[in-house]
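Reader: I would like a close look at the charged side chains in this structure. Please take me through them step by step, and explain each term as you go.

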Amino acid sequence: MSSRSVSLNHSHDEKILLKESSVQLTSLTDLISTHRVLSLYPSTLVISKQKGGTFKTKEKVKIENVWISNGSSPEFSFIIGWPLTNYLVHFKYCSHPSIDNIPHEKDEWFGLLTTTIGAKLKQASTTIIMSILVRGREQKIRKRIDNGKKAVIH
């Protein structure tokens with residue numbers, strides 16, 4: 001299977017396939033490795049197993065629940081996780097026409113996941129309500145905080 005990708009645009013169509021590739025996933029819980037297909041959509045990461053010409057969905061994760069780390073991973077890998085699940089995503093053993101494409105493939109996936117996760121989290125916000133006692137009177141202040149930004153109270 002070859003890798004497919006499209007550029008990330010600001011469309012609200014959640015069924016647009018952003019990228020799809022064959023990878024080796026190694027569970028960080030039991031160290032079992034399996035070949036899987038990662039399919040990235042604007043709101044969802046789908047992990048499936050290719051069997052013949054069909055795909056069987058193994059996991060479907062909301063993108064805002066996904067985290068990634070590139071820190072201490074091997075050269076052709078990065079770590080991906082979501083609640084109760086962590087994997088090492090490895091590109092070296094996948095069907096690529098050339099080993100020269102593997103670092104590019106890994107970097108492309110990591111960058112696209114970073115952008116997609118950031119775009120989803122950027123949309124989220126929290127409203128904080130504070131009660132303040134001033135000269136015997138209670139005042140309530142409401143402040144909306146966007147994810148990833150610091151609140152400034154005037």
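Author: Start with the vocabulary: helices (H or I, at least four residues) and strands (E, at least two) are DSSP runs, numbered from the N terminus. The chain has one helix and ten strands. Their order along the sequence is β-β-β-β-β-β-β-β-α-β-β. The model is predicted, so local features need pLDDT of at least 70 and side-chain atom pairs pLDDT 80 or more, while totals for chains, interfaces and linings use all residues. Residues are numbered from 1 along each chain as its sequence is written, and side-chain values use heavy atoms, leaving out hydrogens and water.

Now the charges. Lys and Arg count as positive, Asp and Glu as negative; His and the chain ends are not counted. Side chains of opposite charge can pair when their charged atoms come close. The name for this is a salt bridge: a side-chain nitrogen of Lys or Arg within 4 Å of a carboxyl oxygen of Asp or Glu.

The structure holds two salt bridges. One of them joins glutamate 105 to lysine 19, with 3.6 Å between the closest N and O atoms. This pair links distant parts of the chain. Glutamate 105 belongs to helix α1 (residues 101-123), lysine 19 to strand β2, and 86 residues separate them in sequence. Both glutamate 105 and lysine 19 are buried (under 20% relative accessible area; exposed is over 50%, partly exposed in between; 1.4 Å probe, protein chains only).

Lysine 19 also meets glutamate 108 in a salt bridge, at 2.6 Å from N to O. Here again distant parts are linked: glutamate 108 is in helix α1, lysine 19 is in strand β2, and they are 89 residues apart. How covered are these partners? Glutamate 108 counts as partly exposed because its relative accessibility is 27%. Lysine 19 has a relative accessible area of 1%, so lysine 19 is buried. The shared partners join Lys19, Glu105 and Glu108 into one network.

Next, a charge without a salt bridge. Arginine 36 lies in strand β3 (residues 33-40). Arginine 36 is buried, yet has no salt bridge. The nearest side chain of opposite charge is glutamate 59, 7.9 Å away. So what does arginine 36 touch? Contact means heavy atoms within 4.5 Å. Beyond four places in sequence, the contacts of arginine 36 are Ser21, Ser22, Val23, Leu25, Ile47, Ser48, Lys49 and Lys58.

Follow two names on that list. Take Leu25 first. Leucine 25 sits in strand β2 (residues 19-27). Leucine 25 counts as buried because its relative accessibility is 2%. Besides Arg36, leucine 25 touches Ile32, Ser33, Thr34, Ile47, Tyr87, Leu88 and Val89, with residues up to four places away left out. The contact with Val89 spans the sequence: leucine 25 and valine 89 are 64 residues apart along the chain, but their C-alpha atoms are separated by 4.9 Å.

Now Lys49. Lysine 49 is found in strand β4. With 34% relative accessibility, lysine 49 counts as partly exposed. Lys49, Lys51, Lys56 and Lys58 form a positive surface patch. Two strands, β4 (44-51) and β5 (54-62), each give two or more residues to the positive patch. What counts as a patch? Its residues have over 30% relative accessible area and no salt bridge; like charges are joined within 9 Å, nonpolar side chains (Val, Leu, Ile, Met, Phe, Trp, Tyr) within 5 Å. A charge is placed at NZ of Lys, CZ of Arg, CG of Asp or CD of Glu.

Finally, set these charges against the whole chain. Of the 154 residues, 34% are buried. The accessible surface (Shrake-Rupley method, 1.4 Å probe; for residues, only the protein chains shown count as cover) is about 10100 Å². Carbon and sulfur atoms account for 52% of that surface. Take the contacts between residues at least 6 apart in sequence: 36% join residues at least 24 apart.

To recap: Lys19, Glu105 and Glu108 form one network. Arginine 36 is buried without a salt bridge. Lys49, Lys51, Lys56 and Lys58 make up a positive patch on the surface.
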